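Biologist: I should like a close look at a single part of this structure, chosen for how it is enclosed by its surroundings. Please set it in the context of the whole and then follow the chain outward from it.

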Amino acid sequence: TVAGAGLDRYRYEPRLDGDALAWVEAPTQSLDHEVLRPVTNPFTAEGGLKILGGNLGRAVMKVSSLDEDHHVIQAPARVFDDQEQVHAAFTRGELERDVVVVVREQGPRANGMPELHKLTPLLGILQRRGHRVALVTDGRMSGASGRVPIAMHVSPEAADGGALALVRDGDLIRVDSVHGTLEVDLPEAELSSRTPQLSWRAERVAYGVGRELMGALRAALAPAEQGAGVGTAALQTAL
């Protein structure tokens, strides 16, 4: 490393000793337990991430910054195919209620799994207005998930046979990080009898501005829960 051989050098802090640079050993215990705690005194007993599973697939949910009363959300679904549609519905006042916003066709095979950073501020506003809201998506979000309950990276994604393609507006969805479940309240027979609804956006993403050149690569991508990477065998199959 730039500090010298091995990572052990990063255990030392630079200090000024008069006009000379000196390296002193860093503290071995946290100096502020509000920032860094030992394993014997954790912030929470179960960690900051939860894996959810159910008839909508598997998802990951960040719970470390959620208030206790937002760990379980049950509300009717409103289904969208991209974050621009969500923004338009919010502007028209169509989301002023308890709602689980479903944004599908945002996974690796659909369009490369873009960052859905535009959604958190909108949902945060609805939440502060007293509505029970959550987001369910096969897309990607980083630390921007914040204080809104979000079941993300849903696998399998809608474009790869996932159940999100079967969800309709008004379906009752339960996002439950306490029991680790992600469910739509429908009999299995009814859910399996539905025809997947994949939008026109899939064709728009597949063609134009050179996107068609990436089609084989997108088709070879692994699910989000496996890292959304591509293997040689999968790429050869896609080609």
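Modeller: Of the contacts in the protein with a separation of 6 or more, 60% are made by residues 24 or more positions apart. The model is a predicted one. Its protein has 7 helices and 10 strands, and 40% of its 239 residues count as buried. The part I have chosen for the close look is helix 3, which runs over residues 119-128.

Is helix 3 largely enclosed or left open by the rest of the structure? Helix 3 is largely enclosed, because 7 of its 10 residues are buried. These are Leu119, Thr120, Leu122, Leu123, Gly124, Leu126 and Gln127. The elements against which these buried residues pack are helix 1 and three strands, namely strand 6, strand 7 and strand 8.

The packing with helix 1 can be described in more detail. In general, a pair of packed helices is described by two quantities, the angle between the axes and the distance between them. For helix 1 (residues 83-91) and helix 3, the angle is about 30 degrees and the axes are 10 Å apart. The crossing of helix 1 past helix 3 is left-handed. On the side of helix 1, Gln83, Val86, His87 and Phe90 make the contact, and on the side of helix 3 the residues are Leu119, Leu122, Ile125 and Leu126. By class, this contact of helix 1 with helix 3 comprises 6 nonpolar residues and 2 polar ones, with no charged residue.

The approach to helix 3 along the chain passes through Met113, in the loop between helix 2 (108-111) and helix 3. Although Met113 is a residue other than glycine, its phi is positive, near 65 degrees. Met113 is buried, with a relative accessible area of 8%. At the other end, helix 3 is followed by Gly130, whose phi is also positive and near 100 degrees.

Beyond Gly130, the loop between helix 3 and strand 7 holds Arg132. The relative accessible area of Arg132 is 28%, so this residue is partly exposed. When residues up to four places away in sequence are not counted, Arg132 touches Asp69, His70, Val72, Ile73, Ala75, Arg97, Asp98 and Val99. One of these, Val72, lies 60 residues from Arg132 along the chain, and their C-alpha atoms are separated by 9.4 Å.

Strand 7 and its partners in the packing lead on to the nonpolar cores. The largest nonpolar core has 28 residues, and those with the most contacts inside it are Val102, Val136, Ile173, Val175 and Leu182. At least two residues each come from strand 4 (57-62), strand 5 (72-80), strand 6 (99-103), strand 7 (133-137), strand 8 (150-155), strand 9 and strand 10. Strand 5 gives the most to this core, with 4 residues. Another core lies apart from it and has 20 residues, including Ala89, Phe90, Val99 and Leu135. In the larger-scale picture of the sheet-forming part of the chain, Val136 may stand as an example: beyond its neighbours within four places in sequence, Val136 is in contact with Val100, Val101, Val102, Val103, Ala151, Val154, Leu164, Val175 and Leu182.

Strand 8, one of the elements that pack against the buried residues of helix 3, contains His153. The phi of His153 is positive, about 60 degrees, although this residue is not a glycine. With a relative accessible area of 24%, His153 is partly exposed. A little further along, Ser155 and Pro156 are joined by a cis peptide bond with omega of about -5 degrees, and Pro156 lies in the loop between strand 8 and strand 9.

Val167 also has its place in that loop. Val167 is buried, with a relative accessible area of 1%. Its contacts, leaving aside neighbours within four places in sequence, are Leu56, Ala77, Val79, Val102, Arg104, Ile173 and Arg194.

The next loop, between strand 9 (172-176) and strand 10 (181-184), holds Ser177. Ser177 is buried, with a relative accessible area of 1%. The side chain of Ser177 reaches the backbone oxygen of His71 at 2.9 Å. Besides His71, and leaving aside neighbours within four places in sequence, Ser177 is in contact with Lys50, Leu52, Met61 and Val63.

Technical notes. Residues numbered from 1 in each chain as written. Predicted model: local features only at pLDDT ≥ 70, side-chain atom pairs only at ≥ 80, totals over all residues. Heavy atoms only, no water. Buried < 20%, exposed > 50% of the residue type's maximum accessible area, 1.4 Å probe, protein only. Polar contact = N/O pair within 3.5 Å; in protein donor to acceptor, adjacent residues only side chain to side chain. Contact = heavy atoms within 4.5 Å. Axes fitted to C-alpha atoms, helices over the stretch in contact; angles between N-to-C directions. Left-handed = near helix turned anticlockwise from the far one by under 90°. Nonpolar A, V, L, I, M, F, W, Y, C, P; charged D, E, K, R; others polar. Core = buried A, V, L, I, M, F, W, Y, C linked by side-chain atoms within 4.5 Å.
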